[in-house]
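Work through the exercises below with the model open beside you. Try each task before reading its solution.

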Amino acid sequence: MGTNNYIDTRGKIAEPIPFTQAVVEGLAEGGGLFVPEQVPTLNLEDILALAKLPYYERAARIYKAFGIDLPEEEIDELMQAAYGSNFDDEAICPITTLADGTHILELWHGPTSAFKDMALQCLPLFFSASAAHLREAGKLDHEFMILVATSGDTGKAALEGFANKQGVSIGVLYPDGGVSDIQRKQMATQAGNNVYVWAVRGNFDDCQTGAKTVFNDESFAAKLMDEHKIALSSANSINWGRLLPQVVYYISAYSELVARGQVEAGAPIDVCVPTGNFGNILAAWYAKQMGTPIERLICASNENRVLTDFINTGTYDISDRDFVLTPSPSMDILVSSNLERQLFELTGRNAEAIRTWMNDLSTTRSFRVDAETFAKLRADFVSDSVNSAECLETIRSCYEDQNYLMDPHTAVAYEVAQRLRGENPVLVASTAHWAKFGDNVYRALKGIAPGEALPEDVAALTGCQLNERIASETKAAPVPAGLANLDTTPLRFTDVIDSSTAAIEQAVQAFLQ
Ligand SMILES: *Cc1c(COP(=O)(O)O)cnc(C)c1O
């Protein structure tokens with residue numbers, strides 16, 4: 001197709017904009033999310049042909065099908081840089097089939113061992129190229145600084161993705177004492193001449209609120225533009241440039257399963273996704289929409305089961321719901337921001353309905369979709385939730401019965417897949433290497449309850465030492481290099497700052513000097 005422009009879910013932008021602009025803007029003016037005017041379709045032959053190509057060529061094919069306004073050779077080059085030796089497996093996201101027939105799509109072979117790498121090894125390249133393209137066209141005359149508040153996984157993946165990219169720098173804020181030993185060291189050891197990391201006194205909410213007030217401070221924005229020619233940007237999970245790389249791996253996985261003879265060409269599969277912000281499962285929905293033979297999308301929740309209740313009742317309600325800390329922290333979310341895109345699509349792109357529901361959500365903390373939309377939701381999605389004890393029990397039983405060690409997020413999905421599976425082969429999205437969550441994996445293997453203290457000698461170990469112990473006591477996949485050397489890598493960033501707007505702004509300014 002030619003250039004495919006982007007509209008927004010709340011119908012607020014004056015005119016559709018091209019991909020390059022949607023990527024650097026991230027969020028639409030008026031609060032909506034960008035979606036492409038056209039969702040391309042692929043025929044079965046096109047999908048199956050992907051299996052013969054290296055992963056980066058598969059990704060380039062899908063991007064081109066979306067009518068991105070960058071030269072085709074440039075898309076090829078960017079994809080080759082995004083999905084190469086920065087991943088520790090040639091397949092990029094290999095599929096492991098367990099003895100019970102479940103197919104595990106391993107999305108954690110990237111540099112930070114979390115599935116966020118699948119998008120964040122790609123988006124920064126396209127962000128940088130998009131900005132350069134807009135600058136050349138005279139539509140942009142400044143650079144960007146990405147500011148990210150993180151509760152753990154996203155910060156490191158974003159740092160690794162944006163490190164040393166042209167025309168953009170990145171600063172990450174994380175709650176001091178609120179991330180694991182491994183996560184802290186992963187961030188504090190980050191290399192690159194355009195990166196900075198701050199620990200913030202307070203919890204994740206303080207971090208996020210601090211970052212938000214900095215984003216909304218117009219006089220600070222003016223000052224950054226004036227003194228440094230820089231605009232702040234967030235590149236968070238609602239950026240279309242983070243969603244599109246995720247569509248790629250579902251289409252790619254289907255072609256792979258057929259090429260391996262595990263699924264008959266054209267036969268349907270079900271996909272089960274451990275869900276938080278609804279980005280990953282939405283990408284699977286787009287893959288289905290494009291023609292991939294996916295029948296049911298199985299949404300797996302932890303104890304924060306707002307999405308499970310929504311899919312089962314049609315009411316999204318957080319008015320009387322406590323936020324629960326679980327062994328799968330990346331799914332500890334109450335407001336799932338990418339759901340807005342899904343509802344926009346299921347209503348036949350009805351921006352008015354979205355405005356009403358999002359307004360209900362912010363005023364009454366709940367909304368209810370109409371019967372027709374609910375029926376459409378039920379036609380594609382099923383859902384269940386797994387509590388924390390069940391999650392750890394699943395890690396243990398899967399290790400014992402299937403000889404496969406999984407992280408707590410993957411375990412939530414695996415358990416829900418076992419409960420809801422029907423006739424179709426099931427593909428489970430595995431979103432983190434077990435060694436990112438060694439403490440809870442250890443609890444699972446030893447039968448220690450979630451939240452219960454580890455024995456003193458174990459609690460005294462660093463994250464790396466604990467992982468070594470787990471690896472030596474099990475036949476689990478080895479600890480990836482990026483996680484194994486953290487105790488001996490020098491820490492570059494040890495600043496601790498207040499969460500006030502002034503303190504964050506001062507830190508940003510000092511970094512940009
Ligand atoms: C981000 C994340 C998820 C949730 O993905 P969404 O796209 O937000 O639904 C699940 N597992 C892990 C390990 C993650 O980092």
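**Exercise 1. Which residue stands opposite Ser-385 in strand 13, and what packs there?**

Step 1. Ser-301 stands opposite Ser-385 of strand 13. Strands here are DSSP E runs of at least two residues, helices are H or I runs of at least four, and both are numbered from the N terminus.

Step 2. Helix 13 (residues 306-313) packs on the sheet and touches strand 10 and strand 13. Contact means heavy atoms within 4.5 Å.

Step 3. The direction of helix 13 makes about 135° with that of strand 13. Axes are lines fitted to C-alpha atoms, for helices over the stretch in contact; angles run from 0 to 180 degrees between N-to-C directions.

Before going on, note the ground rules. This is a predicted model, where local features need pLDDT of at least 70, side-chain atom pairs count only at pLDDT 80 or more, and totals for chains, interfaces and linings use all residues. Residues are numbered from 1 along each chain as its sequence is written, and side-chain values use heavy atoms, with hydrogens and water left out.

**Exercise 2. Place strand 13 in its sheet.**

Step 1. Find the partner. Strand 10 (residues 294-301) pairs with strand 13 in the parallel sense, over five bridges. Two strands pair if DSSP finds at least two bridges between them.

Step 2. Check one bridge. Ile-298 has Val-382 as its bridge partner in strand 13.

Step 3. Write the order. Six strands form an open sheet, 3-4-14-9-10-13, with mixed pairing. Strand 3 (95-97) and strand 13 are the edges, each pairing on one side only. From one strand to the next, the twist averages 25°.

Step 4. Assess cover. Five of the five residues in strand 13 (residues 381-385) are buried. Buried means under 20% relative accessible area, exposed over 50%, and partly exposed in between (1.4 Å probe, protein chains only). Phe-381, Ser-383 and Ser-385 point one way, Val-382 and Asp-384 the other.

**Exercise 3. Is Ser-430 buried or exposed?**

Step 1. Locate Ser-430: strand 14 (residues 426-430).

Step 2. Its relative accessibility is 2%, so Ser-430 counts as buried.

Step 3. List contacts, leaving aside neighbours within four places in sequence. Ser-430 touches Ile-104, Leu-105, Glu-106, Leu-107, Trp-108 and Thr-410.

**Exercise 4. Describe the backbone at Lys-229 and Arg-365.**

Step 1. Recall the background. Most residues other than glycine have a negative phi.

Step 2. Lys-229 has a positive phi, near 55°. Its place is the loop between helix 10 (218-228) and strand 8 (230-233). Lys-229 is partly exposed, at 43%.

Step 3. Arg-365 has a positive phi of about 65°. Its loop runs between helix 15 (351-364) and strand 12 (366-368). Arg-365 is partly exposed, at 41%.

**Exercise 5. How many residues surround the ligand, and which polar atoms meet the ligand?**

Step 1. The count is 15 residues, with Lys-116, Gly-276, Asn-277, Asn-280 and Thr-431 the closest. A residue is near if one of its heavy atoms lies within 4 Å.

Step 2. Take polar contacts (N or O pairs within 3.5 Å). A polar backbone atom of Asn-277 is 2.7 Å from a ligand oxygen. A polar side-chain atom of Ser-330 lies 3.4 Å from a ligand oxygen. A side-chain N or O atom of Thr-431 is 2.8 Å from a ligand nitrogen.

Step 3. Alone, the ligand exposes 380 Å², and the protein buries 95% of that. Accessible areas come from the Shrake-Rupley method with a 1.4 Å probe.

How values were computed. Polar contact = N/O pair within 3.5 Å; in protein donor to acceptor, adjacent residues only side chain to side chain.
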